[in-house]
Amino acid sequence: MLRCGVRKRRARGAAQLMLLIAFFLLLQGEIVVVQADELVSCRYQQATGRNVSLVLEIGSPPPAMLILVQWLPKGMNITRALPPVKKYDPRTGEAKWLLKQLSSGPMQFSIDLDGELSGELIHGEIRYKNPTTGKMEIMAIRP
Amino acid sequence: MNEEILPGGSQAVVRIDGTKIRALRERKDLTQLYVATVVGVTTDTISRWENRRYPTIKQENALKLAEVLDVELAEILDVENEPDAPLAEEPETAPGPADVAPKGPPLLTIVVVAISLLIGAALLLKPKTVNEGATPIITARRLLPSHVAPGQSFPVLIRISVNPPGTYSMIVRESVPLDCLVIKGLPSYAALDEKSGELKWIGKATDATIFAYLARPKPSTAVGGQLTFAGAATLKQGGESARISIKGDDTVALQQLHWADDNGDHRIDDEEILAVYDQLEAIAQLGVNELQTDVEDIWAAGGYRWDETTGGFVIVP
């Protein structure tokens, strides 16, 4: 009983000490609050029929530039794209957006096609340089 | 990694020759305001120094003065009139309210002492980081493309970082190859000697400072050669100073390749355009829109080739 009380007091003392240390470290900026969210993420809203729609979420700090790649079935033409794609090659089906002066928040992308997506599995990719690490990041987007 | 450590400085005073200083300043076409800004004093102080009203000044200021006048310290000293009594340090600016000893009620003194004690205690309790209180470590690195074509503009970045952060007076000298024209600097450079190719900035550095410029090899420059860059930065804080050479990239090959095409495959791929934008973003105020458009057009089209007749690039799908 007595030992148990001593242990409890010691544990409480250790916890208080750790809290105090954490408080001082936080004051000194030694603790970096790790954000659970990814810096950039993208998901499909629609990938059927004659339309492909995506939502891109940009965190903070935003990268200086971002390239969004969308692969479509080969030979298919784009009738309308919002925002306009910077680059599209119908032979390969590769469409690219070049995004600059980004700010944090969501961005919508839409492509209208001249043919139906007949069950093909389309996919995309995000490419950017992480402003914190300076490393190139590549992320796949799948429906 | 180019690292230099600031040596210790002295707080001695020296007697300067105001007439020589005025003559040197006027010979270099420098204004009193410019000299005052670099040394870190007022124009009135420079005027007093030149008129010999206060011929003795702090040695650290004399060193700064010699630096800005581009002469050795000995050249601006008044050797004929050595002081026989210990030199009194002259005021550098007119005494302001802060120089007057506070005459307040005892309560105010107690409050001030109490606050000082609290601040002192807080500083003592504050856990020190690795570099805190340590001698500053300075690095200076130049970033150049690996190649550039004659007549094509390209960016040159010089990154200076100081750890721990602080505010330092700084002079950056860059020796630009004579085959290269300097188009624009960021921040605006203080001087460019077109005969020697020396580019000079005078300013303040904090923890990370970028000095950049746009350069363009003359169209007549022979392909196959290379451009060589060199430079140094002098940093000063209080009585301490350090001169460090700029490390990093120092040569650019002259080739019929776009500067952003790092692997030389006549294309600008995703990785190359992202790398370029990271650099151009840092120097956006340099007016790099034309360079950005050029890079984007090649990236979007797929490739480029060199046109001998026009001496420029032609975008090809």
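The largest nonpolar core of this predicted model has 72 residues. The residues with the most contacts inside this core are Leu66(A), Leu68(A), Ile158(B), Ala212(B) and Val295(B). Strand S1(A) supplies the largest share of the core, 7 residues. A second core, separate from the 72-residue one, holds 17 residues. Among them are Ala66(B), Val68(B), Leu69(B) and Ile76(B).

The surroundings of Ala212(B) can be listed, leaving aside residues up to four places away in sequence. Ala212(B) touches Pro155(B), Val156(B), Leu157(B) and Ile158(B). Leu186(B), Ile283(B) and Leu286(B) are also in touch with Ala212(B). One of these partners, Ile158(B), is itself listed with Ala212(B) among the residues with the most contacts inside the largest core.

Strand S1(A) also belongs to a sheet. In chain A, 3 strands form an open sheet in the order S1-S6-S3. Their pairing is antiparallel. The edge strands are S1 (40–58) and S3 (78–82) of chain A, and each of them pairs on one side only. From one strand to the next, the twist averages 15°. S1(A) and S6(A), the latter spanning residues 105–117, run antiparallel and are joined by 9 bridges. Opposite Asn51(A) stands Asp112(A) of S6(A).

In chain B, helices H6 and H7 pack against each other. Their axes come within 11 Å and cross at roughly 170°. Angles over 145 degrees count as roughly antiparallel, and H6(B) and H7(B) are therefore roughly antiparallel to each other. From H6(B), the contact involves Ile273(B), Val276(B) and Leu280(B). These meet Leu291(B), Gln292(B), Val295(B) and Trp299(B) in H7(B). By class, the residues of this helix contact comprise 6 nonpolar, 1 polar and no charged. Val295(B), on the H7(B) side of the contact, is also one of the residues with the most contacts inside the largest core.

The two chains meet at an interface. Here 9 residues of chain B are in contact with 12 residues of chain A. On the chain B side, the elements that give two or more residues are H6 (270–282) and H7 (289–301). H6(B) provides the largest share of that side, 6 residues. The chain B side divides into 4 nonpolar, no polar and 5 charged residues. Charged residues are thus found on the side of chain B that touches chain A, whereas the contact of H6(B) with H7(B) has none.

Conventions: Residues numbered from 1 in each chain as written. Chains lettered and ligands numbered in written order. Predicted model: local features only at pLDDT ≥ 70, side-chain atom pairs only at ≥ 80, totals over all residues. Contact = placed C-beta atoms within 7 Å. Helix = DSSP H or I, 4+ residues; strand = E, 2+ residues; numbered from the N terminus. Nonpolar A, V, L, I, M, F, W, Y, C, P; charged D, E, K, R; others polar. Pairing = 2+ DSSP bridges. Axes fitted to C-alpha atoms, helices over the stretch in contact; angles between N-to-C directions. Parallel < 35°, antiparallel > 145°, perpendicular 65-115°, else oblique. Core = buried A, V, L, I, M, F, W, Y, C linked by C-beta atoms within 7 Å. Buried ≥ 20, exposed ≤ 12 C-beta atoms within 10 Å, placed from the backbone.
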